[in-house]
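Hi,

Here is the structure I said I would pass on. Have a look at it first, and my notes on what turned up follow underneath.

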Amino acid sequence: MVSALSNIHEYLWLILAFPLAGVVLNGIIALVAERPLLLPADGHGHDDHGGHGDAHGGHHETPAYRKLVAFIAPGMIFAAFVVAVLSVLQLTRMPAEARTVVQTLFPWIQAGGLSVSVALQLDPLSSVMILVVTGVGFLIHVYSVGYMSHEPAFARFFFYLNLFMFSMLTLVLGSSYLLMFVGWEGVGLCSYLLIGFWYEKDSASTAGKKAFVVNRVGDFGFLLAMFLVFWNFGTLNYTDVMAKIPSLQHSGILTTGLATAITLLMFVGATGKSAQIPLYVWLPDAMEGPTPVSALIHAATMVTAGVYMVARSNALFMLAPFTMGTVAVIGAATAIFAASMGICQKDIKRVLAYSTVSQLGYMFLACGVGAFGAGIFHLMTHAFFKALLFLGSGSVIHAMSGEQDMMKMGSLRKHTPITFWTMFIGTLAIAGIPGLAGFFSKDEILWRAFSSDHGSPFLWAVAAVAAGTTAFYMFRLIFLTFFGASRMDKEVEKHVHESPFSMTIPLMVLAALSICGGWLGIPAALGGSNYFEKWLEPIFEGGHKAAEAATEAIGHGAMAHHDPMEFILMGASVAVALFGIAIAYYLYMVRPEKPAKIAEGNPNLYRLVYNKYFVDELYEWLIIRRIVDWSIWLWQMFDVQFIDAIVNGVAKTVRSAGDETRKIQTGVVGNYAFSILLGAVFIVGYLIWR
Amino acid sequence: MMGPSAYLILSGILFAIGAIGVVARKNALIILMSVELMLNGVNVAFVAVGSYMGDPTGGIFAFMVMTVAAAEAAVGLSILIAIYRLKETIDITELSVLKW
């Protein structure tokens, strides 16, 4: 046992194997036990015995298979989490330069110059990701057991959820871009399956399709980027690509232009997966999925894959100043744009969805100004507090018997104290109140946006305003949901109840993480050691070195020293956050009638914001209509009149030829005899005179 | 002793008459008879060439052909009788159901 533990990196594959085992087991259970649900409802009526037992009023015993699923699904993730923790602990004991462990499992593709193995890479970056994914993922699995307890397709849900965990871990643990892409597509598929989990609902299946199609647009960019990398580097392994950068730079192959092309295409992929402008439109609609799915996939893990990809490729991004600028600007623009859309939403989950888009914008802003470490730091803290907020909102929805409209809530604080307090902590964390997780990561990003070589005061100002907006809409959510007079339906109010322990315990754990998670990265200016940034340093120093080699310019001396500006900006961002909270307090606690009046006073502005700037409509008109029109043209003109015409023409020709030639077959034996004779004469004649 | 050419010419004439009979006549009975004529034309050639070469194989084949011809005549005539009972005709131009 001791020897096994001392060499835990030999067992990295277990992190993938456990979720995969869960996928297989839950898949079998789903197929066997929930088969009646898969058949059409009007089939043979055994539907009534299958899942809808509750509908008959009597309290049924939980079927054994559901207990089994409830044990397997979170258990497998917990096992993966344990292996991940042990692996990372061993990684911390290794010297900083040697903290890259690659475990090759088996050769996968051997074709010409392409050689891809299925190999796992554990380094500081992927270690952060696997801890977040398995840790938060485990909590959300536990929560889901409670949240989905009334769901007939229980096993199917956990089958998808485990499949997602497997794909996500493949994405972050794979040692090459190709393996990352496999995971990337896998999580996209699971996202589609889970958004459309309640596929009988039209809006859910539409939202699933939308997410998938929009993601495909981004994936196309990622694919092209991979082609470019392989074409020029001859490999897709991270370590080989990074190792080849200096020599390719030297030989003039890796020009700034090439680096820009590769990184821009990668960023296109990232905008799709991580819901940035212009491909963010799928994420708000993704809220049609069950709430744990929103928490796991659309807040904590999958949507951060783009940030991970950018951070993973930091050495390439640092060579392309134009891309860096684009990433920073898109990130900042998304942060403020999405935050402003969150202001007017009435659906509690949609507020959080826009908030997620906005926070992802912060992460990209950080990457864009060269602060990859800060971006990953925010990724981690965001995973804690946003998963908490989503799960909290799920708990609220659970308590409200499915109601999601905040206008029909209020005063829930008394009924659901645990949900309230944990969500309140999450809100403080996201608003950037000092001491909580969000403060450290967000402030790090703001400071770097201001001070970095790639940053500017303008980026800082945009991000700071977005931070204030965030504080405003989050406290609006809290006030509307938990405070004030009850606006609930009488019927709903009778059933309001706190959620079971399987749901509240994950909330409490995540609340604790939302408080403490930031302490890993207390900046030096506040007397901390910023352990987190140091941990990631080996990953990112390569990029800085490469960039310096390219520009031959000043180093990053401006980073380490204590700048009084840092304190001023820190104070400013806290002030902005408090200002946002104050406005929310005034509008929704002191003068609750005021927001409606403001909306009436500016009907056009309100309509614009409430309808999310009509971006969906714009896309609909600008792109979707065009594609549909073009498709119709292709169908009616090209397909029907050209392709079909060729096919039908060939058939018609053959047919009319047959119509004529069949008349040879007269049915008169004499004619046949004559043709036999003629043939015999020809053959004999040929044999004689040839 | 002249060569087999006269026999072969006779054989060819018999074969040709038979063939023309098969192709040109409408009465199935006549056609059967023409087929016999063709077979016998071939028989003449077999016997003539066999005798000329001093090889009995030609004669043996002629017997073989006669045997087959006898069987063929028996089967052919039975078919004709069956057809006549069904259609009351043995005119092959009228027996043209198997066509397009």
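**Chain A as a whole**

Among contacts in chain A between residues at least 6 apart in sequence, 80% join residues at least 24 apart. Keep in mind while you browse that this is a predicted model. Chain A has 690 residues, and 48% of them count as buried. Its secondary structure comes to 29 helices and two strands. If you want a feel for the dimensions, the C-alpha trace of chain A spans about 110 × 75 × 65 Å along its principal axes.

**A buried helix**

Have a look at α8 of chain A, which runs over residues 177–195. From first C-alpha to last, the 19 residues of this helix reach 26 Å, close to the 27 Å expected at 1.5 Å a residue. How many residues of α8(A) are buried? The count is 14 of the 19, so α8(A) is largely enclosed by the rest of the structure.

**A pair of helices**

Next, go to α18 (residues 372–399) and α23 (residues 501–516), both in chain A. Their axes come within 9 Å and cross at roughly 150°. An angle over 145 degrees counts as roughly antiparallel, and α18(A) and α23(A) are therefore roughly antiparallel to each other. The crossing of the two is left-handed.

As for who makes the contact, α18(A) brings A:Phe384, A:Phe385, A:Ala387, A:Leu388, A:Leu391, A:Gly392 and A:Ser395. From α23(A) come A:Met503, A:Pro506, A:Leu507, A:Leu510, A:Ala511, A:Leu513 and A:Ser514. By class, the residues of this contact split into 11 nonpolar and three polar, with no charged ones.

**An exposed methionine**

You might also click on A:Met637, which sits in helix α28 (residues 615–661) of chain A. Is this residue buried or exposed? A residue counts as exposed if 12 or fewer other C-beta atoms lie within 10 Å of its own. A:Met637 has 10 within that distance, so it is exposed. For a sense of distance across the chain, A:Met637 and A:Tyr147 are 490 residues apart in sequence, and C-alpha to C-alpha they are 51 Å apart in space.

**Where the chains touch**

Last, the contact between chains A and B. Chain A gives 11 residues to the contact, and chain B gives 10. On the chain A side, five of the residues that touch chain B are nonpolar, four are polar and two are charged.

Tell me what you make of it when you have had a look.

Cheers

Notes: Residues numbered from 1 in each chain as written. Chains lettered and ligands numbered in written order. Predicted model: local features only at pLDDT ≥ 70, side-chain atom pairs only at ≥ 80, totals over all residues. Helix = DSSP H or I, 4+ residues; strand = E, 2+ residues; numbered from the N terminus. Expected span 1.5 Å × (residues − 1). Buried ≥ 20, exposed ≤ 12 C-beta atoms within 10 Å, placed from the backbone. Contact = placed C-beta atoms within 7 Å. Nonpolar A, V, L, I, M, F, W, Y, C, P; charged D, E, K, R; others polar. Axes fitted to C-alpha atoms, helices over the stretch in contact; angles between N-to-C directions. Parallel < 35°, antiparallel > 145°, perpendicular 65-115°, else oblique. Left-handed = near helix turned anticlockwise from the far one by under 90°.
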